[in-house]
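Let's take a walk through this structure together, with the ligand as our guide. Have the 3D view open and follow along.

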Amino acid sequence: MKKIHNYVDGDTFSISKNELSVEDPSTGEAIAKVVLSSKDDFEKILDSSRKSQIEWAKTTPLKRSRILSNYKTLIEKNIDELAEIVSREHGKTLADAKGSVTRGLEVVEFACGIPHLLKGEFSQNVGTNIDSWSIRQPLGVCAGITPFNFPAMVPMWMYPISIACGNSFILKPSEKDPSCSIRLAELFTEAGLPNGVFNVIQGDKEVVDLILENEKISSVSFVGSTPVAKYIYEQSAKFGKRVQALGGAKNHLVIMPDANLDQAVDGIIGAGYGSAGERCMAISVAVAVGDIGDELVQKVQSEAQKLKVAPWTNMESDMGPVITKEHKDKIENYISTGVKEGAKLIEDGRNYKIQGYENGYFIGPTLFDNVTKDMQIYKEEIFGPVVSVVRAKDYDEALNLVNDHQYGNGTSIYTSDGEISRHFTTNAKIGMVGVNVPIPVPMAFHSFGGWKQSLFGDHSVHGMEGIHFYSKLKTVTSRWPKSIQSGPEFVLPTN
Ligand code: NAD
């Protein structure tokens with residue numbers, strides 16, 4: 001069976017003999033084993049990352065940009081292979097997987113601009129014959145710990161920018177779909193990145209703790225569930241690291257009575273059930289404002305019934321399985337809880353069976369109506385293909401729902417009223433807000449991150465926030481005494 005190792009100094013290796021099965025979620029069968037690294041693996045990787053960083057920081061930003069540009073070309077050339085690797089272990093459709101690699105690629109494109117992005121500021125004559133300027137310098141060795149749901153894109157939110165800034169980077173990918181990290185690292189080596197600047201360590205909590213507690217690692221970027229994000233944030237701070245920790249979500253889509261209902265329904269179907277709801281920007285709550293609830297529920301139900309649930313190898317699939325048997329059970333338990341709590345189950349995705357894939361982790365599109373804010377299925381992140389419709393009498397009630405929720409990752413409003421839209425974008429206590437778009441995911445040159453329980457730390461990822469997170473600001477104030485007694489006076493030239 002295929003074994004997935006660590007990646008260090010441009011090659012695969014592992015010392016630890018501990019391993020974990022990686023499953024195909026469509027069949028439930030083990031398709032590979034991934035090493036669970038030990039302290040020995042960690043120390044070898046850290047040593048490589050430290051040595052390579054010293055040399056890498058000396059390269060010019062222009063040289064780094066050229067290597068990133070080669071990397072971009074190689075990812076484009078190999079995008080079909082990368083998408084297949086993602087789909088095989090994650091289970092999402094090929095179109096979804098390819099789309100996610102493309103979003104990651106856009107961060108590489110952004111990072112190619114590093115000579116411009118790292119430019120500092122300069123002020124002449126802040127005092128008599130005194131100049132002042134600021135520069136941004138690398139942090140050292142940076143680490144990233146990433147979730148299962150985007151095995152290419154989420155790591156690519158981090159390492160291209162960190163490496164562009166002159167750091168080395170250690171990636172700890174999810175143990176559930178670890179293969180993509182190795183292919184991404186191999187391509188970077190092929191692009192000309194010196195050995196050791198991008199290393200990958202496989203493993204679980206044991207390796208994460210080694211990263212958090214080691215004083216030689218300067219920063220930690222984390223994306224995953226909220227309880228773990230909080231733990232990463234607290235531990236990183238305790239050990240003096242710079243940290244950004246992105247957590248879970250419960251994204252609301254508000255549908256006003258004047259909305260284009262068909263567009264809103266399209267949005268709910270794509271953003272609610274795409275990737276089997278395993279996206280941090282998935283829409284899991286649809287807030288029907290005024291009297292549009294009945295029509296909305298009927299239309300969403302009718303479109304949900306048309307979705308084809310199938311393995312990624314079926315090119316007609318709209319939605320694949322969820323990641324593991326445990327996660328399938330957890331989602332199905334939430335559906336049962338919703339029924340017990342009194343929500344109206346319109347579409348029930350439990351016990352979904354596909355011929356030939358009876359052991360796969362499939363759940364059909366599930367729709368609840370009349371969900372209320374005191375219900376567990378409303379308060380907690382389900383992270384599956386379950387959409388809850390909540391009825392709100394007016395806009396104010398809808399906005400309060402959005403703002404009172406513990407999570408603050410994304411939200412969107414469908415309306416044709418400019419004033420409402422402006423009020424919503426200004427007053428929503430949420431990190432990423434959309435108007436008449438289902439998933440308000442910012443582009444690579446803007447920054448991505450939530451509020452409240454969806455992000456711990458001061459910086460979002462990518463865009464200028466990424467540049468600032470992965471570099472230290474230094475401000476220099478300088479005066480040079482006259483070297484020649486009778487030297488020229490300092491005079492600014494004029495025309
Ligand atoms: P997870 O928190 O279980 O795991 C994320 C990473 O943390 C993995 O690499 C895992 O090995 C490690 N980890 C798990 N438990 C740990 C522990 N106790 N101590 C230390 N490390 C631990 O998350 P997941 O199930 O892989 O991913 C799904 C979650 O990620 C969802 O909650 C989703 O909303 C969130 N997510 C958020 C964003 C965002 O941008 N906010 C993006 C993608 C996913």
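In this predicted model, the largest pocket is where the ligand sits. Two elements each give two or more residues to the shell around the ligand: the helix α8 (205-213) and the strand β11 (217-223).

Now zoom out to the domains for a moment. Domain 1 is made of 2-247 + 454-476, while domain 2 spans 251-435; both give residues to the shell, so the ligand lies between them.

Which residues should you look for up close? In total, 26 residues surround the ligand, and the closest are K172, E175, S225, G247 and E381. If you sort the shell by residue type, you will find 14 nonpolar, 8 polar and 4 charged residues.

Next, have a look at the polar contacts made by ligand oxygen atoms. With E381, an N or O atom in the side chain is 2.6 Å from an oxygen atom of the ligand. The side chain of E175 likewise places an N or O atom 2.7 Å from a ligand oxygen. With F148 it is the backbone that takes part: one of its polar backbone atoms is 3.1 Å from an oxygen atom of the ligand.

How much of the ligand does the protein bury? On its own, the ligand would expose 840 Å², and 88% of that is buried by the protein.

Note on methods:
Residues numbered from 1 in each chain as written. Predicted model: local features only at pLDDT ≥ 70, side-chain atom pairs only at ≥ 80, totals over all residues. Heavy atoms only, no water. Near = heavy atom within 4 Å. Polar contact = N/O pair within 3.5 Å; in protein donor to acceptor, adjacent residues only side chain to side chain. Areas by Shrake-Rupley, 256 points an atom, 1.4 Å probe, with all protein chains shown as cover. 1 Å grid on protein atoms, 1.4 Å probe; cavity = no way out; pocket = protein on both sides within 12 Å on 5 of 7 lines; lining within 4 Å. Sits in = over half its atoms within 2 Å of the grid points. Helix = DSSP H or I, 4+ residues; strand = E, 2+ residues; numbered from the N terminus. Nonpolar A, V, L, I, M, F, W, Y, C, P; charged D, E, K, R; others polar. Domains from an automatic or database assignment.
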